[in-house]
Amino acid sequence: MFYAVRKGRQTGVYRTWAECQQQVNRFPSASFKKFATEKEAWAFVGAGPPDGQQSAPAGELSYFVFLEETHGASAVAQENASHREEPETDVLCCNACKRPYEQSTNEEHTVKRAKHDEEQSTPVVSEAKFSYMGEFAVVYTDGCCSGNGRNRARAGIGVYWGPGHPLNISERLPGRQTNQRAEIHAACKAIEQAKSQNIKKLIIYTDSKFTINGITSWVENWKTNGWRTSSGGSVINKEDFQKLDSLSKGIEIQWMHIPGHAGFQGNEEADRLAREGASKQKL
């Protein structure tokens, strides 16, 4: 297999997961994918192999690295930007539900929370049914909300493990109906499922940079500051991030950002499940 790193410490195509992992582990918004052919891998990176470079024979640990200075500058800028706290205003979705445009909202924070029975039976699934990247099981999560920020908003969560997988989830979001809450709770659901299957290492693909930055960068500062933002305001999604932070204990998670509506099957399926969930009745 060929492991293509489009965004990471070094952009390129690698022959082993261990080498790929070194480039993407804990790298903000890393982007990588496994391919059966080198040609497909380089196409994902967005460049061809260096001139004169030949494919490495199968089994060799050598790898190809193709790193343009512009890629390096972009990665540094992105890493620096990831430490800046993003606004916590939700985004308002259009009719397609997941192509958001920025708009501040004045949501009512005292919405009555619906009762939700989380004591649902979870089937035991064979390890062979999960997709793995190295030792990490792979899952895609997504959340959506139509009418975000309005009284009649409807939000749903989607968790996608693979085609026809028994753990694929499409549910209505309980409580306050917002896009950001849906994204966070979709990740929470995936972690709960992983733990129920005794999965110790998990890669979560999500198109929500807000969720990734929140759990990997901002949560520790929020806890230190008494759950207040750098500007002194209250953290809007405090209880949601507290749940996600608690669930993240006892399992090794790699958070991977994937562009929404970019043709990636896992993300598209998670989005479909989230939209179906938004159409259901609240539990």
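These exercises work through a predicted model of one protein chain.

**Exercise 1. Overall make-up and confidence**

Task: State how many helices and strands the protein chain has, and where the pLDDT is below 50.

Solution:
- Start with the elements. The protein chain has seven helices and twelve strands.
- Turn to burial. The chain has 283 residues, and 49% of them count as buried.
- Check the contacts. Among those with a separation of 6 or more, 70% join residues 24 or more positions apart.
- Now confidence. The mean pLDDT is 76, and 73% of the residues reach 70 or more.
- Locate the weak stretch. The pLDDT is below 50 over residues 51-120. In the model this stretch still has 131 contacts beyond near neighbours in sequence.

**Exercise 2. The nonpolar cores**

Task: Find the size of the largest nonpolar core and the element that gives the largest share of this core.

Solution:
- Count first. The largest nonpolar core has 38 residues.
- Pick out its hubs. Trp161, Ile191, Leu202, Phe241, Leu244 and Trp255 have the most contacts inside it.
- Assign the elements. Those giving two or more residues include strand 8 (136-146), strand 9, helix 4 (179-196) and strand 11 (201-206). Helix 5 (209-224), helix 6 (238-247) and strand 12 (252-257) also do so.
- Rank them. Helix 4 supplies the largest share, eight residues.
- Set the general background beside this. In soluble globular proteins, nonpolar side chains tend to be buried together.
- Zoom in on one hub. Trp255 touches Ala187, Ile191, Ile204, Thr206, Thr211, Ile212, Ile215, Thr216, Leu244 and Ser248, leaving aside residues up to four places away in sequence.
- Look for another core. A second, separate one has 29 residues, including Phe35, Tyr205, Met256 and Leu273.

**Exercise 3. Strand 10 and its partner**

Task: Determine how strand 9 and strand 10 pair, and which way the residues of strand 10 point.

Solution:
- Take the pairing. Strand 9 (residues 154-160) and strand 10 run antiparallel over four bridges.
- Fix the register. Ile157 stands opposite Glu171 of strand 10.
- Sort the side chains of strand 10 (residues 169-172). Ile169 and Glu171 point one way. Ser170 and Arg172 point the other way.
- Check burial. All of these residues are buried.
- Follow Glu171 further. Glu171 is linked with Lys189, Glu192 and Lys243 in a network of salt bridges.

**Exercise 4. Salt bridges of helix 6**

Task: Name the salt-bridge partners of Asp240 and Asp245, and say which parts of the chain the pairs tie together.

Solution:
- Begin with the total. The whole structure holds eleven salt bridges.
- Recall the principle. Side chains of opposite charge can pair when their charged atoms come close.
- Take Asp240. Its side chain meets that of Arg181 in a salt bridge, at 3.1 Å from N to O.
- Place the pair. Asp240 is in helix 6 and Arg181 in helix 4, so the bridge ties together parts 59 residues apart in sequence.
- Test burial. Asp240 has a relative accessible area of 3%, so it is buried. Arg181 is buried too, at 2%.
- Take Asp245. Its salt bridge with Lys223 brings the closest N and O atoms to 3.0 Å apart.
- Place this pair. Asp245 belongs to helix 6 and Lys223 to helix 5, so parts 22 residues apart in sequence are tied together.
- Add the other partner. The side chains of Lys249 and Asp245 also meet in a salt bridge, at 3.0 Å from N to O.
- Compare burial. Asp245 is buried at 12%. Lys223 is partly exposed at 34%, and Lys249 is partly exposed at 45%.

**Exercise 5. Asn267 and the cysteines**

Task: Decide whether Asn267 is buried or exposed, list residues it touches, and give the number of disulfides.

Solution:
- Place Asn267. It sits in helix 7 (residues 265-278).
- Apply the cut-off. Buried means under 20% relative accessible area. Asn267 is at 2%, so it counts as buried.
- List its neighbours. Asn267 touches Tyr140, Asp142, Asp207, Ile258, Pro259, Gly260 and His261, with residues up to four places away in sequence not counted.
- Turn to cysteines. Cys144 is buried at 0% relative accessibility. Cys145 is buried as well, with a relative accessible area of 0%.
- Search for disulfides. The whole structure has zero.

Terms used:
Residues are numbered from 1 along each chain as its sequence is written. This is a predicted model: local features need pLDDT of at least 70, side-chain atom pairs count only at pLDDT 80 or more; totals for chains, interfaces and linings use all residues. Side-chain values use heavy atoms; hydrogens and water are left out. Buried means under 20% relative accessible area, exposed over 50%, partly exposed in between (1.4 Å probe, protein chains only). Contact means heavy atoms within 4.5 Å. Two strands pair if DSSP finds at least two bridges between them. A disulfide is a pair of cysteine sulfur atoms within 2.5 Å. A nonpolar core is a set of buried Ala, Val, Leu, Ile, Met, Phe, Trp, Tyr and Cys residues joined through side-chain atoms within 4.5 Å. A salt bridge is a side-chain nitrogen of Lys or Arg within 4 Å of a carboxyl oxygen of Asp or Glu. pLDDT is the predictor's confidence in each residue, from 0 to 100.
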